Amino acid sequence: MNRHRGQGTLLATAVAVVLLVGATTLGVAMADGALHDADRRPLDRRAAATLAERLSTANATSYRDGVVRSDRVRNLTAADLGRLAPPVVGRDVRVRLDGKTVVASPDAAGGTTVRRAVRVGRPRHERRQADLGRRRNLTVPAGVGRVRIYVASDENTTVTTVLADDRPVLHAAAGVEGTAVVGLARYDPTRLQFVVETTGNGNVSGRVRIEYRRIDARPAVLEVTVDD
Amino acid sequence: MSDERAAASVVGKALESVVLVLLIGVLATMLFGGVLPGYRTAAGAEVADRTLAGAAGRIDRAVPDGDPWGVDRELRVDLPDTIRGRRYELRATGRTLVLDHPAAGIGGRARLDLPAGVRASGTWASDTPAVVRVRGDRDGLRVRLVAGPNAVGVAGANGGGRP
């Protein structure tokens with residue numbers, strides 16, 4: 001009976017040992033999980049963020065900051081991506097524009113994804129012209145930053161000045177003739193006005209033509225995934 | 001009979017003590033011998049990755065992508081003094097930033113996002129203030145990692161950061 005008392009304490013020790021080992025194992029497992037969750041893959045994230053920023057701002061792939069050239073982005077190769085954003089060299093990359101995969105390395109599956117709201121632009125070339133005898137101004141819509149002006153006036157007419165919203169952008173006392181490219185503010189429509197002097201019989205004649213590129217843009221999501 | 005009873009008690013106590021001492025020994029050996037150093041290394045590797053990514057980002061930000069002529073700027077970079085309790089080094093080798101740490105399994109390399117033709121050089125020790133110095137002249141941009149006792153934010157009026 002007394003012998004049983006000694007073994008009872010031994011039993012209690014065994015239970016304590018089991019509990020202690022269990023608690024330690026649980027603690028180690030929890031630490032494992034915490035460490036796993038803390039792995040944010042910062043180098044992949046940096047590579048993805050750099051590429052997304054570059055795609056939406058570089059001259060090669062965008063019309064201006066945030067407006068992506070869809071034709072260029074769709075024709076990108078993996079080598080182009082490395083040239084645009086060196087941090088992605090040697091990593092698996094997948095670029096999706098508007099849910100459609102544009103470029104993908106063969107092994108890009110999981111990894112870190114960065115999403116950017118961008119606008120996808122498609123260019124539209126427009127031209128307008130006016131007969132100086134009837135009309136001496138032309139309006140350029142908002143969103144156009146550059147316009148090519150072509151002046152062909154007849155012998156008795158001289159276009160001395162071209163005004164953009166009353167600001168002189170071209171001036172030549174002897175006459176503005178031929179082609180010139182002029183920068184405009186993009187934020188509002190701009191009214192181009194042609195100031196004309198006549199010699200001889202007083203009839204103004206000649207033609208002016210303007211050409212510009214407008215960007216039709218729609219919002220889209222640019223998604224860059226980088227996997228090590 | 002009474003001899004036996006006393007012996008049983010002593011044997012029992014001795015067994016308990018041996019079991020407990022063995023348990024503590026095994027647990028301590030397991031935790032300090034394998035599990036804890038492994039965790040310290042894993043956590044250190046994660047901190048090293050973040051340090052590397054952060055430092056590379058700061059270097060990229062210090063380098064303007066416009067006209068290099070006349071650029072003269074310094075940008076301070078915050079680095080953890082130690083990783084896994086040890087000093088470490090960040091080295092720029094051309095277009096790559098390398099983190100060197102004495103412990104195996106910690107460290108790595110990251111490609112810098114520099115304009116074409118620009119190379120970076122120099123070394124940062126983790127326990128001195130780290131400054132990236134960018135100078136530009138006719139030959140282009142030079143990027144150096146230097147120790148800066150009196151580090152400033154951004155010096156020089158030339159060249160704004162990247163948009």
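In this structure, 29 residues of chain A are in contact with 31 residues of chain B. Keep in mind as you look around that this is a predicted model. Putting the two chains together buries about 2,300 Å², and carbon and sulfur atoms give 65% of that area. On the chain A side, three residues stand out: Pro42(A), Leu43(A) and Arg46(A) supply 23% of the area that chain A buries against chain B, more than any other three residues.

**A cavity with both chains in its lining**

Two of those names come up again when you search for enclosed space. The whole structure has one cavity of 30 Å³ or more, and about 30 Å³ of space lies in it. Chain A lines this cavity with Leu43(A), Arg46(A), Ala47(A), Pro87(A) and Arg91(A), while chain B brings Ala110(B) and Arg111(B). Two elements give two or more residues each to that lining, namely helix 2 (42-57) of chain A and strand 4 (107-111) of chain B. Helix 2 of chain A gives the most, with three residues. By class, the lining has four nonpolar residues, three charged ones and no polar ones.

**Two open pockets**

Now for the open spaces. Here is how the two largest pockets look side by side.

| Pocket | Volume | Lining residues | Lining by class | Top contributor |
|---|---|---|---|---|
| Largest pocket | about 440 Å³ | 17 residues | six nonpolar, three polar, eight charged | strand 12 of chain A, four residues |
| Second largest pocket | about 310 Å³ | 15 residues | six nonpolar, two polar, seven charged | helix 4 of chain A, three residues |

Which residues lie nearest the centre of the largest pocket? They are Val144(A), Gly145(A), Arg146(A), Tyr212(A) and Arg213(A). The elements that give two or more residues to the lining of this pocket are strand 1 (62-64), strand 5 (112-131), strand 7 (146-153) and strand 12 of chain A.

The second largest pocket, with about 310 Å³ of space, has residues of both chains closest to its centre: Arg83(A) and Leu84(A) from chain A, plus Leu114(B), Pro115(B) and Ala116(B) from chain B. Helix 4, which gives the most to this lining, covers residues 78-84 of chain A.

**A buried threonine in strand 12**

Strand 12 of chain A, which you met at the largest pocket, spans residues 206-227 and includes Thr225(A). Is Thr225(A) buried or exposed? Its relative accessible area is 2%, so Thr225(A) counts as buried, since buried means under 20%. The side chain of Thr225(A) makes a polar contact with the side chain of Thr113(A), at 3.1 Å. Setting aside neighbours within four places in sequence, Thr225(A) also has contacts with Asp92(A), Val93(A), Arg94(A), Gly110(A), Gly111(A) and Thr112(A), besides Thr113(A).

**Chain B and a buried histidine**

Over in chain B, there are one helix and seven strands. The helix comes at the start of the pattern, which reads α-β-β-β-β-β-β-β along the sequence. Chain B has 163 residues, and buried ones make up 36% of them. Take the contacts in chain B with a separation of 6 or more: 60% of these join residues 24 or more positions apart.

A nice spot to zoom in on is His101(B), in the loop between strand 3 (96-100) and strand 4 of chain B. With a relative accessible area of 10%, His101(B) is buried. What does the side chain of His101(B) reach at 2.6 Å? That partner is the backbone oxygen of Ile83(B). The His101(B) side chain also reaches the backbone nitrogen of Ala103(B), at 3.0 Å. Not counting residues up to four places away in sequence, His101(B) touches Ile83(B), Arg84(B), Arg86(B), Arg87(B), Tyr88(B) and Ile106(B).

**Two aspartates with positive phi**

Back in chain A, there are two loop residues to check for their backbone angles. Most residues other than glycine have a negative phi. Asp98(A), though, has a positive phi near 60 degrees. Asp98(A) is in the loop between strand 3 (92-97) and strand 4 (100-104) of chain A, and is partly exposed, with a relative accessible area of 38%.

Asp165(A) has a positive phi as well, near 50 degrees. The loop that holds Asp165(A) runs between strand 8 (157-164) and strand 9 (167-171) of chain A. Asp165(A) is partly exposed, with a relative accessible area of 45%.

How values were computed. Residues are numbered from 1 along each chain as its sequence is written. Chains are lettered from A and ligands numbered from 1 in the order in which they are written. This is a predicted model: local features need pLDDT of at least 70, side-chain atom pairs count only at pLDDT 80 or more; totals for chains, interfaces and linings use all residues. Side-chain values use heavy atoms; hydrogens and water are left out. On a 1 Å grid over the protein atoms alone, a cavity is a set of points where a 1.4 Å probe fits but cannot get out, and a pocket is an open set with protein on both sides within 12 Å along at least five of seven lines; lining residues have an atom within 4 Å of a point. Grid points are joined across faces, edges and corners, and a volume is the space filled by probe spheres set on the points. Ala, Val, Leu, Ile, Met, Phe, Trp, Tyr, Cys and Pro count as nonpolar, Asp, Glu, Lys and Arg as charged, and the others, Gly among them, as polar. Buried means under 20% relative accessible area, exposed over 50%, partly exposed in between (1.4 Å probe, protein chains only). A polar contact is a pair of N or O atoms within 3.5 Å; within protein, one must be able to donate a hydrogen and the other to accept it, and residues adjacent in sequence count only if both atoms are side-chain atoms. Contact means heavy atoms within 4.5 Å. Buried area is the accessible area (1.4 Å probe) that two parts lose on being put together, summed over both.
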